[in-house]
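Trainee: Could we go through this one together? I'd like to get a feel for how the strands and helices are arranged.

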Amino acid sequence: MNQLLDVLIIGGGPAGLNAALVLGRARKNVMVIDDETPRNWVTRETHGFVTRDGASPREFRKAAKEQIAAYPSVQFVSDTASTVTGTDGDFQVTTVQGGTYQAKKILFAVGKKDLPLDIKGLTEVYGKSAFVCPYCDGWELRDQELVIIVNGAKAFHMAITISGWTSRFTICTNGPDELTDEQREELQQHGVRVLDSPIRSIESSEGMVQHVLLEDDTQISCTGIFFGPKLATGSELPKVIGCEITDAGTVVVDEYGKTTVSGVFSAGDAASEMYQAITAASLGALSAVSINSELNMEAWNKRSKY
């Protein structure tokens, strides 16, 4: 493909799709490269997104693409970006299937990927009765007996958060709790049980958790789990091209989605730790506006009479 695109978006989740919509309406030539294997496909429904509450991730993407189809300057390629080189105004992207593209700006909407958690039985319940975000799935588990698998300051924060949906939960830190004395005391005052024995296994039936078994033989009956995932950036390409990445795998951006590399932007879960579809979509829209403003200013300056 010899055409110089205005924007090449890598990733077709809520962030990439909303960015494509905004840029398409701004009359920009856009290509979205997406391998169609998003992290949230383990879940059955998308929640907290007005007009899309309860839709599956596949339904969400289908509806988005149908709406974006009204803007012919946006194209989609089902592929995986393998290399990104170049500089602001002239980036080159190649794909696993041999595609080659050129673009003035790059938007990484690559999300994050789960790193393995060495907990037997977690894979079987993930997305069915074990989740990572109470804002996304807390309503469905309201007033139920839950196990929260996380430690340290995150455990203390999660206890306060989960208490809005249920008071019936146990924290399993799966090893040293890494809490402060003050945090332990406060959790005890609120009747929150904290167990630090490692988890032997999660027992379930057809994806529905029944109990969590610890190495000290403690068995905790529950109908749902929230756990703290270990994540990495969904693609190595932001790092390869020089973007600053945090220890948590998040691409560093400013308030407009600009990375530390000129002409390169990032949005959604890749550039945030607020893992909600509606947040990702809004960040995609914000980045698209920023990209469009840069492109318009560059074109404006080229057309100057002086």
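Below, a trainee asks about two sheets and one helix, and a mentor answers.

Mentor: Keep in mind that this is a predicted model. Go ahead.

Trainee: Which strands are the edge strands of the five-stranded open sheet?

Mentor: The order in that sheet is β8-β15-β9-β10-β11, with parallel pairing. An edge strand pairs on one side only. Here the edge strands are β8 (130-131) and β11 (193-195).

Trainee: Okay, and which residue in β15 is the bridge partner of A130?

Mentor: β8 is joined by two bridges to β15, residues 224-227, and the two run parallel. Look along β15 for the partner of A130, and you land on I225.

Trainee: What about A159 in helix α5, is that residue buried or exposed?

Mentor: Helix α5, residues 152-162, lies across β9, β10 and β15, at about 165° to β10. A159 touches F169, I171 and L187, leaving aside residues up to four places away in sequence. Its C-alpha is 8.0 Å from that of L187, which is 28 residues away along the chain. Buried means under 20% relative accessible area, and A159 has 6%, so the call is buried.

Trainee: Now the three-stranded sheet: which residue in β13 stands opposite I199?

Mentor: That open sheet is antiparallel, in the order β12-β13-β14, and β12 (199-205) is one of its edge strands. Six bridges join β12 to β13, residues 208-214. Opposite I199 you find L214.

Conventions. Residues are numbered from 1 along each chain as its sequence is written. This is a predicted model: local features need pLDDT of at least 70, side-chain atom pairs count only at pLDDT 80 or more; totals for chains, interfaces and linings use all residues. Side-chain values use heavy atoms; hydrogens and water are left out. Two strands pair if DSSP finds at least two bridges between them. Helices (H or I, at least four residues) and strands (E, at least two) are DSSP runs, numbered from the N terminus. Contact means heavy atoms within 4.5 Å. Axes are lines fitted to C-alpha atoms, for helices over the stretch in contact, and angles run from 0 to 180 degrees between N-to-C directions. Buried means under 20% relative accessible area, exposed over 50%, partly exposed in between (1.4 Å probe, protein chains only).
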